[in-house]
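The following exercises ask the reader to work step by step from a model to a description of single residues, a core and a pocket. Each task is followed by a worked solution.

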Amino acid sequence: MASSQTWLLRPLQERSTQIFLGVLFSALIVVTFLHLFMPQDSALHVSAYTVTLLGKYLCYALLAVAVDLVWGYLGILSLGHGAFFALGGYAMGMYLMRQIGDRGTYGDPVLPDFMVFLNWDSLPWYWQGFDMAWFAFIMVLLAPGLLALVFGFLAFRSRVTGVYLSIITQALTFALMLAFFRNEMGFGGNNGLTDFRDILGFNLRTDATRLGLFIATGIALAIGYIICRAIVTSKLGRVSIACRDAEARTRFLGYRVERVQLFVFVVSAMLAGVAGALYVPQVGIINPSEFSPLFSIEIVVWVALGGRATLYGAVIGAILVNYAKTVFTGVMPDAWLFALGALFVLVTVFLPKGIAGLLQKRKKAQDDDDPATAQEATA
């Protein structure tokens with residue numbers, strides 16, 4: 001019991017984790033204060049729209065951390081994490097749709113509006129149970145986790161690696177996108193799931209609920225970050241890095257590489273599912289476009305920009321790129337994708353270790369210039 005507690009609490013003893021959590025919780029407190037206590041006509045007031053936008057950025061940050069766990073520390077370039085994100089989002093969306101009840105356009109207490117419109121007679125079996133919050137929250141973890149378990153078991157056992165694994169993950173995402181576009185699947189087709197009203201009894205359209213979701217997303221990001229740091233600083237994390245850098249040698253030493261890969265991959269998928277579940281009530285819609293391969297590629301750009309194998313770099317990259325996307329899509333919407341591609345190329349050429357690598361380089365230079373630090377390192 002003591003060893004497990006030490007394993008979970010070890011990240012809290014790291015200075016980098018303490019700084020990250022300090023900045024994150026300080027941001028949550030500042031945004032909450034400026035939203036609640038500053039007058040609406042004040043320049044310092046944070047509107048409900050901005051709170052929701054920041055909450056969306058934090059969802060993307062958690063998703064980026066999940067991708068960095070498998071790409072940065074395991075060496076698996078997954079181009080399919082958008083699928084896990086979307087599955088978690090759909091699980092939450094199904095719960096939110098069941099909460100509408102007879103307040104929908106057609107007034108059916110059981111069937112969602114799109115099913116009534118399509119002349120469905122009864123609720124599909126896979127929608128059963130989503131009227132209960134606890135069941136929906138379990139499915140948020142189980143749906144992406146089970147998909148990752150089956151896919152990872154088949155792929156890692158067959159020793160599919162490198163670009164081939166990346167292509168297969170992208171193909172999986174694309175196949176799911178095509179499937180969810182079909183009305184026969186029972187997930188709303190092209191329009192997806194929307195028109196949500198309540199979550200856990202709270203009105204989603206009130207500012208208080210939006211603020212609560214923002215805070216909950218920040219806490220989820222903190223917990224997800226700590227879990228990932230606990231993994232990468234443990235023996236499992238060291239074996240994961242060994243699999244990344246020298247898989248054949250790691251196998252020769254007797255480690256079951258495929259089991260390590262499978263466990264980390266499933267944990268990463270579950271974190272992505274949680275990010276998707278928190279994203280849906282804040283954005284107000286989930287549709288098959290979240291399965292788009294382009295979205296999964298964009299996630300990789302976030303991590304590359306922020307810095308692989310740092311976790312906090314993934315958070316920086318996700319927030320910066322999505323903030324830039326919000327700004328530039330309003331200024332030059334047609335050219336945004338070209339700007340994103342150019343950004344990825346420039347980062348690859350000039351910042352191969354991302355923003356986090358640049359920060360680490362500056363810190364190392366400062367430590368070298370500090371005589372006391374240099375003397376401690378020499379000793």
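Helices and strands are DSSP runs, a helix having at least four residues and a strand at least two, and they are numbered from the N terminus. The model used here is predicted.

**Exercise 1. Two residues with positive phi**

Task: State where Asp 195 lies, and determine whether Asp 195 is buried, partly exposed or exposed.

Solution.
Step 1. Asp 195 is placed in the loop that runs between strand S1 (193–194) and strand S2 (198–199).
Step 2. Buried means under 20% relative accessible area and exposed means over 50%, with partly exposed in between.
Step 3. The relative accessible area of Asp 195 is 30%, and therefore Asp 195 is partly exposed.
Step 4. Most residues other than glycine have a negative phi. Asp 195 is not a glycine, yet its phi is positive, at about 60 degrees.

Task: Carry out the corresponding steps for Asn 119: in which loop does Asn 119 lie?

Solution.
Step 1. The loop in question lies between helix H5 (113–117) and H6, and Asn 119 is part of it.
Step 2. With a relative accessible area of 63%, Asn 119 is exposed.
Step 3. Phi of Asn 119 is near 65 degrees, which is a positive value in a residue other than glycine.

**Exercise 2. Buried residues and their contacts**

Task: Explain why Ser 78 counts as buried or exposed, and list its contacts beyond its neighbours within four places in sequence.

Solution.
Step 1. Ser 78 belongs to the loop between helix H3 (48–72) and helix H4 (81–100).
Step 2. Its relative accessibility is 2%, so Ser 78 counts as buried.
Step 3. With neighbours within four places in sequence left aside, Ser 78 is in contact with Val 70, Thr 169, Phe 265 and Val 300.
Step 4. A polar atom of the Ser 78 side chain lies 3.3 Å from the backbone nitrogen of Gly 80.

Task: Which residues does Asn 322 touch, not counting those up to four places away in sequence?

Solution.
Step 1. Asn 322 is found in helix H13.
Step 2. At 4% relative accessibility, this residue counts as buried.
Step 3. Under the stated restriction, Asn 322 touches Tyr 57, Tyr 60, Glu 298 and Trp 302.

**Exercise 3. The largest nonpolar core**

Task: How many residues does the largest nonpolar core have, and which have the most contacts inside it?

Solution.
Step 1. In soluble globular proteins, nonpolar side chains tend to be buried together.
Step 2. The largest nonpolar core has 108 residues, and those with the most contacts inside it are Trp 127, Leu 193, Leu 221, Phe 291 and Trp 302.
Step 3. Helix H11 (residues 257–283) supplies the largest share of this core, 15 residues.
Step 4. Take Leu 221 as an example: apart from neighbours within four places in sequence, its contacts include Phe 20, Leu 24, Leu 58 and Val 315.

**Exercise 4. The largest pocket**

Task: Describe the volume of the largest pocket and the classes of residue in its lining.

Solution.
Step 1. The volume of the largest pocket is about 640 Å³.
Step 2. The pocket is lined by 22 residues, of which Ile 19, Phe 20, Val 23, Tyr 312 and Ile 316 are the closest to its centre.
Step 3. Two or more lining residues come from each of helix H2 (15–37), H3, helix H8 (207–232), helix H13 (312–331) and helix H15 (354–369).
Step 4. H2 gives the largest share of the lining, nine residues.
Step 5. By class, the lining has 18 nonpolar, two polar and two charged residues.

Technical notes:
Residues are numbered from 1 along each chain as its sequence is written. This is a predicted model: local features need pLDDT of at least 70, side-chain atom pairs count only at pLDDT 80 or more; totals for chains, interfaces and linings use all residues. Side-chain values use heavy atoms; hydrogens and water are left out. Buried means under 20% relative accessible area, exposed over 50%, partly exposed in between (1.4 Å probe, protein chains only). A polar contact is a pair of N or O atoms within 3.5 Å; within protein, one must be able to donate a hydrogen and the other to accept it, and residues adjacent in sequence count only if both atoms are side-chain atoms. Contact means heavy atoms within 4.5 Å. A nonpolar core is a set of buried Ala, Val, Leu, Ile, Met, Phe, Trp, Tyr and Cys residues joined through side-chain atoms within 4.5 Å. On a 1 Å grid over the protein atoms alone, a cavity is a set of points where a 1.4 Å probe fits but cannot get out, and a pocket is an open set with protein on both sides within 12 Å along at least five of seven lines; lining residues have an atom within 4 Å of a point. Grid points are joined across faces, edges and corners, and a volume is the space filled by probe spheres set on the points. Ala, Val, Leu, Ile, Met, Phe, Trp, Tyr, Cys and Pro count as nonpolar, Asp, Glu, Lys and Arg as charged, and the others, Gly among them, as polar.
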